[in-house]
Amino acid sequence: EMLGNFSFGSYFKKQAIYLAWTFLTKELNLSPEKLMVTVHREDLESVEYWKEIIGKDYRDDFIRIGPDEDNFWTMGDGPGPCGPCTEIHYFSNFTNEWLEIWNLVFMQFERLENGEFKPLAKPAVDTGAGLERLVSVLQNKASNFETD
């Protein structure tokens, strides 16, 4: 199951990042030390918002710059809305790996037939957190198959 929300012009990057960070660290009480994000290589705006919102809990290894295939969302190969995304990862002690738990997609462009990008009149946000992954993290289980 995917937990998520949309915003079509009501709020954008800063508010979406704030809501995700607050939910994970305040409502679910996940330790900031166990979290890391990836950000698209050209999305310096999101990098600055993450630093601002995290504040005193920010550390140098918190943000990793990601490639197009991981941090730029499209509707496929053709024209349509698209934009950079930032993914939130949780460090699993079971696998010693980072587990993606939430993706925030910032649809701010329209890709035209010729491949050029045109800014959208109303940028949108589409976020999705994996319910099963969050449950495995909250219940301290190695996988979602071990949760109740």
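**Salt bridges, cysteines and the nonpolar core**

In this predicted model, the side chains of Lys56 and Asp57 form a salt bridge, with an N to O distance of 3.6 Å. The two partners differ in exposure. Lys56 is exposed, at 77% relative accessible area. Asp57 is partly exposed, at 29%.

The total is seven salt bridges. Side chains of opposite charge can pair when their charged atoms come close. Another of these pairs joins Glu42 to Arg41, with N and O 2.9 Å apart. Glu42 is exposed, with a relative accessibility of 60%. Arg41 reaches 42% and is therefore classed as partly exposed. A further bridge links Asp61 with Arg59; here the closest N and O atoms lie 2.7 Å apart. Asp61 is partly exposed, at 43% relative accessibility. Through salt bridges with shared partners, Lys13, Asp43 and Glu45 form one network.

Disulfides were considered next. A disulfide is a covalent bond between the sulfur atoms of two cysteines. The structure contains zero disulfides. Cys82 takes part in none, and its nearest cysteine sulfur, that of Cys85, is 11 Å away. Seen from Cys85, the closest cysteine sulfur is that of Cys82; at 11 Å the separation is too far for a bond. The cut-off for a disulfide is 2.5 Å between the sulfur atoms. Both cysteines are buried. Cys82 has a relative accessibility of 0%. For Cys85 the value is 2%.

The nonpolar interior was examined last. In soluble globular proteins, nonpolar side chains tend to be buried together. The largest nonpolar core in the model has 26 residues. Within this core, Trp50, Ile88 and Ile101 touch the most other members. Helices and strands both contribute. At least two core residues come from each of α1 (13-27), α2 (44-54) and α4 (131-138). The same holds for each of the strands β2 (35-40), β5 (80-92), β6 (97-111) and β7 (117-130). The most is given by α1, which supplies five residues.

The surroundings of Ile88 were then listed, leaving aside neighbours within four places in sequence. Ile88 is in contact with Ala20 and Leu24. Contacts with Leu35, Met36 and Val37 are also present. Trp50 is a further partner of Ile88. The remaining contacts of Ile88 are with Leu99, Glu100, Ile101, Trp102 and Leu104. Trp50 and Ile101 thus appear twice: as contacts of Ile88, and with Ile88 among the core residues that touch the most other members.

Conventions. Residues numbered from 1 in each chain as written. Predicted model: local features only at pLDDT ≥ 70, side-chain atom pairs only at ≥ 80, totals over all residues. Heavy atoms only, no water. Buried < 20%, exposed > 50% of the residue type's maximum accessible area, 1.4 Å probe, protein only. Salt bridge = Lys/Arg side-chain N within 4 Å of Asp/Glu carboxyl O. Core = buried A, V, L, I, M, F, W, Y, C linked by side-chain atoms within 4.5 Å. Helix = DSSP H or I, 4+ residues; strand = E, 2+ residues; numbered from the N terminus. Contact = heavy atoms within 4.5 Å.
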